[in-house]
Amino acid sequence: MPTIRRIYWYLALTVGLAVTFAGLSQLGSIGLELLRQWGRAGIHLPPDELSRAVAFTLVGLAIWIGHMVAIVRAVGRDDRGARVERGSPIRATVLTATIVALLAAVAVSAYQLVDEWVGTAFGERFLTWERLDVAAQTALIIVALALAIPSIAWRIADHRRAPAHLADDLATRVGVYGLLAGATLLSLVGIADLLAASIRGIAGIDWETLRGAMASAVAMLAIGAPAVLVLGWAAGRLAHAEDPIGVAHRRSRVRAAGWQAVVLGGAIALGLGLAQTIGGAAAWIAGTPGVGDLGLRLLDVAGPLLVAVPFAIAALLSARRARGEGRVADGEPGARTALRVSALTVAMTGVVLLADGAIRLIVIVLSPILPASTVLLGGGAGDPDLGPAIGMLLAGLVLWAPAWALLATLRSVDPVGEAAAMTRRGALVLTGLGALVVSVVSGAFLLDRLLREALGGRIPADGAGVTSFAVLAVALAVLLFHAVELWRDLRLLRGIPVTGDAVDVAIAEELDLVLPGGTDVEALNERIRALLPPGTTLRVRRHAHG
């Protein structure tokens, strides 16, 4: 089937399904409303809404059925043609996007219903049928599930029947792991909000003001946790299947990126929680008034860090899972790559927090020293509160120092392999480029102020100059550090051609093995790799021998 025609047909199917979904949802809402009024005198049937719902449903079904028939006819009765069509990336993308959209609609409506019900149970609000529009929300959930379940079954059938070399599984991987990441984030936010509300309640915050937050947190958990279990099970089934699709999932960069995304989220949450806790402790030491007695003040200060604990645990488990899957997929080099990426993720997060704290600290130190009339910097601004600055600085250091120490250990074990790793080099280059851009912008701002002074212009004493100076100084320090690391790596690799995460050393040996039939080649490769020294690349090229 021509590609343009396939794109048109599957997009038309999507449009037809969307129109049908809108019509059926409205029909379901009307039906549930009538059911609620059954037995009462004067049942009201809204003619405008009913006619619109029927029209949408009929038009959507006509579009969907017409184009589905056209696809079936184009494929024909040829079994091979049907199998090829099932393996189409366009078909996979459209089906997966449809499933994701329908399940997202279910999650949003279910969250709204559960939030209102839990809020009512907590006494935070009074739930009424009309206020929440229970009929519309319930109908939407039922219709979305009724359309999503057959679509999922359709996609599973495509997986099983499409030729292995044509089954483009990227769309499914993106859909499954995207939904899993969203459900995980929803669950973690629910746990964090529940902890935060509980801590605030124990610390003396009025319970009446916390009921809404508690209800939303419970609703997030009620929707996110079951979704994590179901999607995690589905992802596990896909990854452990003994077929080409299972192998593709185990080696998938999308799956690996999902684990590292959780690591990134955990690092950010832990860093910010630690920064707030350190900042609160610093304010306490400085004599800033707090809430309650000693125990409540301790709870109030440690609260942000306690809230970040679930994210940190999820990050540790994800990093461990990524390393284990890397080892299964590519042996020890795969595990080392996963560990390196996790360490780089935490280190880069720490650099951002360190830079933020350093900038705040420089501004606080310089602002009182520089009078408002200072030509270039225009001092006289800056937050005198040291708490946030110290908190961000120390939190960044806590994240960056152990992560960078781990990277240094990896480099000491295999200097050439680490220096040549594209993940390490990419992180160094990206961080350096970011620092360079920030340096250029802040430097241009300072130059503008200098030129305005030279030309007789007025420079406001707004503190922007000293802030830009602090940003420039910190950005140049970050740029210099990462440039030196990159220079060290390139110097180590001078004269050695680099390809990917492996290094082709100047001396290469070719080994020609002729194996008897039935030999387990993969197991033999693993045994040979285990005997090779670090930094060695083993390339296996199979060919017939006769």
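Which residues make the nonpolar surface patch of about 510 Å²?

**View 1. The nonpolar surface patch of the predicted model.** In this predicted model, Met-348, Val-429, Leu-430, Leu-433, Leu-436 and Val-440 together make a nonpolar patch of about 510 Å² on the surface. Helix H14, which runs over residues 422-454, gives the most to the patch, contributing five residues.

**View 2. Met-348, a member of the patch.** Met-348 lies in helix H11, residues 294-369, and has a relative accessible area of 33%, so that this residue counts as partly exposed.

**View 3. The largest nonpolar core.** This core has 20 residues, and those that touch the most other members are Ala-347, Trp-400, Trp-404, Leu-407, Val-474 and Val-478. Two or more residues come from each of H11, helix H12 (386-413), H14 and helix H15 (464-492), with H11 giving the most, at nine residues.

**View 4. The surroundings of Val-474.** When neighbours within four places in sequence are left aside, Val-474 is in contact with Ala-355, Ala-358, Ile-359 and Ile-362. A second core, separate from the largest one, is made of 17 residues, among them Val-106, Val-114, Ala-144 and Ala-148.

**View 5. The protein chain as a whole.** The chain holds 16 helices and two strands, and 37% of its 546 residues count as buried. Of the contacts with a separation of 6 or more, 77% are accounted for by residues 24 or more positions apart. The chain exposes about 29,600 Å², of which carbon and sulfur atoms supply 69%.

Key: Residues are numbered from 1 along each chain as its sequence is written. This is a predicted model: local features need pLDDT of at least 70, side-chain atom pairs count only at pLDDT 80 or more; totals for chains, interfaces and linings use all residues. Side-chain values use heavy atoms; hydrogens and water are left out. Patches are made of residues with over 30% relative accessible area and no salt bridge: like charges are joined within 9 Å, nonpolar side chains (Val, Leu, Ile, Met, Phe, Trp, Tyr) within 5 Å. Accessible areas come from the Shrake-Rupley method with a 1.4 Å probe; for residues, only the protein chains shown count as cover. A salt bridge is a side-chain nitrogen of Lys or Arg within 4 Å of a carboxyl oxygen of Asp or Glu. Helices (H or I, at least four residues) and strands (E, at least two) are DSSP runs, numbered from the N terminus. Buried means under 20% relative accessible area, exposed over 50%, partly exposed in between (1.4 Å probe, protein chains only). Contact means heavy atoms within 4.5 Å. A nonpolar core is a set of buried Ala, Val, Leu, Ile, Met, Phe, Trp, Tyr and Cys residues joined through side-chain atoms within 4.5 Å.
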